Amino acid sequence: MRIVFIGAGEIGVPTLQALLRSSEHRITGVVTQPEKPAGRTQQIEPPPIKRALAGMKMSILQPVRIKGREVIEEVRALRPEAIVVMAYGQILPRDLLEIPPVACLNLHASLLPRWRGAAPIQAAIAAGDPETGITVMYMAEGLDTGDILLQRKIEILPADTGGSLHDRLAQTAPEALLDALQMLAKGNAPRIPQDNVDATYAPKLTRDDGKINWSEPGEIIERKIRAFNPWPGAFALVTEKSGRTLRLKVFEAQIVGGKGRPGEILRSQNELVIAAGKGALSLGEVQLEGKRRMSASEFLRGHAIKV
């Protein structure tokens, strides 16, 4: 099939590469996001999907908004039989969804209808879900509401972070899509409506969402620390002897025994143990804003703090 790929995020790169290697399908064009400032230096960088196409002759569209009439006509001119969308970040208009005669498919990083929305990977870990996966669905105008074509499940491991689960899902997606396209070609692809009663939502995260609420049980805080690594990053507010309040980014923690007021430091000699609403957490690697990443014990040798 002739395919237009629409995506921007790193998670879609293996799927794009699988389509490029495929002998059965041909990508006639790619739609991605414009270049944006990134990192501490705010240097202008292309999105990961465009970087993956470096050195290739490919029609690449980078509209600020995909709803514009001119953009829709440019996609139509690429004559796609199918459109494949993954991690693009904008809702596609009806006029664009109706362009391909075969299907407009979206790959979503959850087992829909659970965790519709922008942050399904973090939400699944934070909620303690035992599994997640990739859903290939027919696109609709709503937010992740389309009929399901197929799903591929993977287990969420006890040590999974948002980053590690993202990478495993990225490797699961290509096979899921190629199987879906094969089913479409054979004419035996199902359409399974989602049950809206079971729908849950994972809204877009901001940096402030990473703030640790020490009143929550230790097991919930530990899951959130893993879920928010690397983005948006879990952090605690710590106060130095000088009275300055700073963010202490927390990359990992272990649930330990202990009891105290939420946020109270229970041990601070060779390890940093902080009381939660239930139980306590021993912090692993941490990073004070503006400083390098280090172990909690190393951090304690140079800082006297309260949380």
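**Exercise 1. Find the strands that pair with strand 1, and the bridge partners of Ile6.**

Let's start with strand 2 (residues 26–31): five bridges join this strand to strand 1, and the two run parallel. Strands here are DSSP runs of E with at least two residues, helices are runs of H or I with at least four residues, and both are numbered from the N terminus. Two strands pair if DSSP finds at least two bridges between them. This is a predicted model, where local features need pLDDT of at least 70, side-chain atom pairs count only at pLDDT 80 or more, and totals for chains, interfaces and linings use all residues. Residues are numbered from 1 along each chain as its sequence is written, and side-chain values use heavy atoms, with hydrogens and water left out.

Next, turn to strand 6 (residues 82–86), which pairs with strand 1 in the parallel sense over five bridges.

Now zoom in on Ile6: its bridge partner in strand 2 is Val31, and in strand 6 it is Val85.

**Exercise 2. Work out the handedness of the unit that strand 1 and strand 2 form with helix 1.**

Follow the chain from strand 1 through helix 1 (residues 13–21) to strand 2: the β-α-β unit is right-handed. That is, with the strands pointing away from the viewer, the path from the first strand over the helix to the second runs clockwise.

**Exercise 3. Decide whether strand 1 is buried or exposed.**

Take one side first: Arg2, Val4 and Ile6 are buried. On the other side, Ile3, Phe5 and Gly7 are buried too. Buried means under 20% relative accessible area, exposed over 50%, and partly exposed in between (1.4 Å probe, protein chains only). Six of the six residues of strand 1 (residues 2–7) are buried, so this strand is largely enclosed by the rest of the structure.
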